[in-house]
Amino acid sequence: MNCCLFLPFMLGIPLLWPCFTAIEISTTEKVKHPAGSHLRVKRGWMWNQFFVPEEMNKTNYHIGQLRSDLDNGNNSFQYKLLGAGAGSIFVIDERTGDIYAIQKLDREERSLYTLRAQVIDSTTGRAVEPESEFVIRVSDINDNEPKFLDEPYEAIVPEMSPEGTFVIQVTASDADDPSSGNNARLLYSLLQGQPYFSIEPTTGVIRISSKMDRELQDEYWVIIQAKDMIGLPGALSGTTSVLIKLSDVNDNKPIFKESLYRLTVSESAPAGTSIGKIMAYDNDIGENAEMDYSIEDDSQTFDVITNNETQEGIVILKKEVDFEHQNQYRIRAIVKNRHVDEQLMEYHVEASTTFIRIQVEDEDEPPVFLLPYYLFEIFEESPHGSFVGMVSATDPDQRNSPIRYSMTRSRVFSIDDNGTIITTNPLDREISAWYNLSIIATEEYNVQQISAVPVYVQVLNINDHAPEFSEYYDTYVCENAGSGQIIQTISAVDRDESIEDHHFYFNLSVEDTKNSSFLIIDNEDNTAVILTNRTGFSLQEEPVFYISVLIADNGIPSLTSTNTLTVHICDCDDSGSTQTCRNKDLMLAMGFRTEVILAILISIMIIFGFIFLILGLKQRRKQTLFPEKGEDFRENIFRYDDEGGGEEDTEAFDIVALRTRTIMRERKTRKSAAAEIRSLYRQSLQVGPDSAIFRKFILEKLEEANTDPCAPPFDSLQTYAFEGTGSLAGSLSSLGSAVSDQDENYDYLNELGPRFKRLACMFGSAMQSNN
């Protein structure tokens, strides 16, 4: 079977496809005939493949024709198409075997269809030949534009990079068949980004074509185009955008904003005070913009430190300034980047500088002493008012205020307004060799401005203390001691201070030298030995000897003292040791001390016993006087029910104590005794202790006790002039007799009963005699 396939014009280019001939394969098979003969059967047809262009708009596009070699043209054969796409995409003319495409084909969706063909005898309905398989291939046309699949593109490249520096590579893809002509062959070009960037046409690699400065422009948008068919006319294209950012390099040095800064500082500002800020700007960013400030020529007064957060320079005071010494400073500050690569040093050859003018402000300062401390010397035993030394302070301010001086807490020295220190009491080096004083200087114009300076006074020694024994010596000598025997070694001390080492001289007094039983030898090392000057001593005749030892020092002038050495005669043992005598004395002393201690303890016990006895007696007396009081020290009323014996009775009450109270009740005009007694008598018969009069009396006593500052620390009511309402005679107290009327009539006493009869006779006769 033969078939030919012709393609129409494609894209205006006439194409002639060769005619494909079906490969006819003839096979001969030996079939055993029933009669035993063999029949050779010829098999006939087989097809290879067909081609059809994609995207054909023509419906029922004729692809080709299938025809069996057995078909003689009598239309007895029927062609059938089987397989994927048969009937839906491809159809066949059953009579002629022509194959048609009834739909558009897209090679990018499917480029190959495998179908089967069958020839059937329409009269018998049987297959004339077995099925044969063939292929329909969809041929490619340039119907897909290039596409960039990795969008968006973004790249970072350091600024000032040299030409040819790699930036990024972009890649586009074309869905067309790369084996079919130039449909999928791409070329890249730059639509936007010149003259800073370039692209390699075949690889899509973007490179830098000229240096760029980030400080001028920090990012660029580059547009890339990709065309297929190697850019020939009719080619399809696709574009993409690439964002290229420039990273910073340290290609800019910091520069001061101002060429001159003016700052002020108070002369009272302490070291370390911040007095102002300076600022430099750097077009770089991040680490490349970090900078360090410094002072040119290394100023001793000011310094600049960097604030790492704000990149400001903080001017600080290294040491205190003095307006009177210098009131203005001019310094030069330098700024440099902290991190600079070696290849970028060309941009940082000369550092930026600025001038700082600092004005010192005057302040009212305290007085300043000429010296930080003063050291004076004075000899001990100097007379009152002796000159010690002089201190001086001045006002550092321009007005130069006068200065007053004072001294704190000193009983030995004083200071006058001129700063002269004198003594006010004698000095004794042995008591105090040094005095630490504090002198205060105060400005007269502003007493708030004060300063203090330490003054050290050393008391110099004079030889005013004679040497003496360094200790108490307990010396013993045996009765049978021989002449020249050493019995004691002595030494001396001197409380004076000597410029040279102390040296003492030992001698006996003149009396002991002429007639002495002992000798002294100076060892010339501040010690001396005592020796016997005779043989034998008598404990009964002379049990104790007193030796006068003269000790002289090497002071100027030299002082000599007489010291008595007591030598005891001892009845030594056979060995000639005086230890037994020393032990006896020690025991005697211990016994004496024990007796003294016992006596002291007994005395203390007697004293405490006496004290306890007195306290016990007082306690018993209190309990006897106030049996109803007990332990309750609150509101109490002390009642005394005895009537008393008149003015001559001084045993019942202490009249002086009653009349010498700090606050006395206000004296009232005494009523007539007769009227008062009658009234009280009648009231006592009519009312009880809860009457208004009794309550009034109690309230008066309470008021008196409350206003008395000498009253005991508890509420009490002490009644002396009221006996209660139960007495027929009322009150007979004589406390108010001093203010009684002289012309009193005592005849009413006759009406009070037989008890008062004698009293009525006494007072009645007295009144008659007075009249």
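The side chain of Asp-248 makes a polar contact of 2.9 Å with the side chain of Asn-288, and a further polar contact, of 3.0 Å, joins the side chains of Asp-248 and Arg-214. These values come from a predicted model, and they are computed from its coordinates. Asp-248 lies in the loop between strand S19 and strand S20 (255-256), and its relative accessible area is 15%. Because the cut-off for a buried residue is under 20%, Asp-248 counts as buried. When neighbours within four places in sequence are left aside, the residues in contact with Asp-248 are Glu-159, Arg-214, Glu-215, Asp-284, Ile-285 and Asn-288.

Strand S19, which comes before the loop of Asp-248, belongs to an open sheet of four strands with mixed pairing, in the order S12-S19-S18-S15. The edges of this sheet are formed by strand S12 (153-158) and strand S15 (187-192), each of which pairs on one side only. On average, and with direction ignored, neighbouring strands of the sheet are turned by 30° against each other. Within the sheet, strand S18 (residues 219-227) and strand S19 (residues 237-247) pair in the antiparallel sense over nine bridges, and Gln-225 stands opposite Thr-239 in S19.

The loop between S18 and S19 holds Met-229, a residue that is not a glycine and yet has a positive phi of about 55°. Met-229 counts as buried, since its relative accessibility is 16%. Another positive phi in a residue other than glycine, near 65°, is found at Glu-381, which lies in the loop between strand S29 (374-379) and strand S30 (387-390). With a relative accessibility of 43%, Glu-381 counts as partly exposed.

Two cis peptide bonds, each leading into a proline, are set out below.

| Peptide bond | Form | Omega |
|---|---|---|
| Glu-151 to Pro-152 | cis | near -5° |
| Gln-194 to Pro-195 | cis | near 5° |

Both prolines can be placed with respect to the edge strands of the sheet described above. Pro-152 has its place in the loop between strand S11 (147-148) and S12, and S12 is one of the edge strands. Pro-195, in turn, is found in the loop between S15 and strand S16 (197-199), where S15 is the other edge strand.

Notes
Residues numbered from 1 in each chain as written. Predicted model: local features only at pLDDT ≥ 70, side-chain atom pairs only at ≥ 80, totals over all residues. Heavy atoms only, no water. Pairing = 2+ DSSP bridges. Helix = DSSP H or I, 4+ residues; strand = E, 2+ residues; numbered from the N terminus. Axes fitted to C-alpha atoms, helices over the stretch in contact; angles between N-to-C directions. Buried < 20%, exposed > 50% of the residue type's maximum accessible area, 1.4 Å probe, protein only. Polar contact = N/O pair within 3.5 Å; in protein donor to acceptor, adjacent residues only side chain to side chain. Contact = heavy atoms within 4.5 Å.
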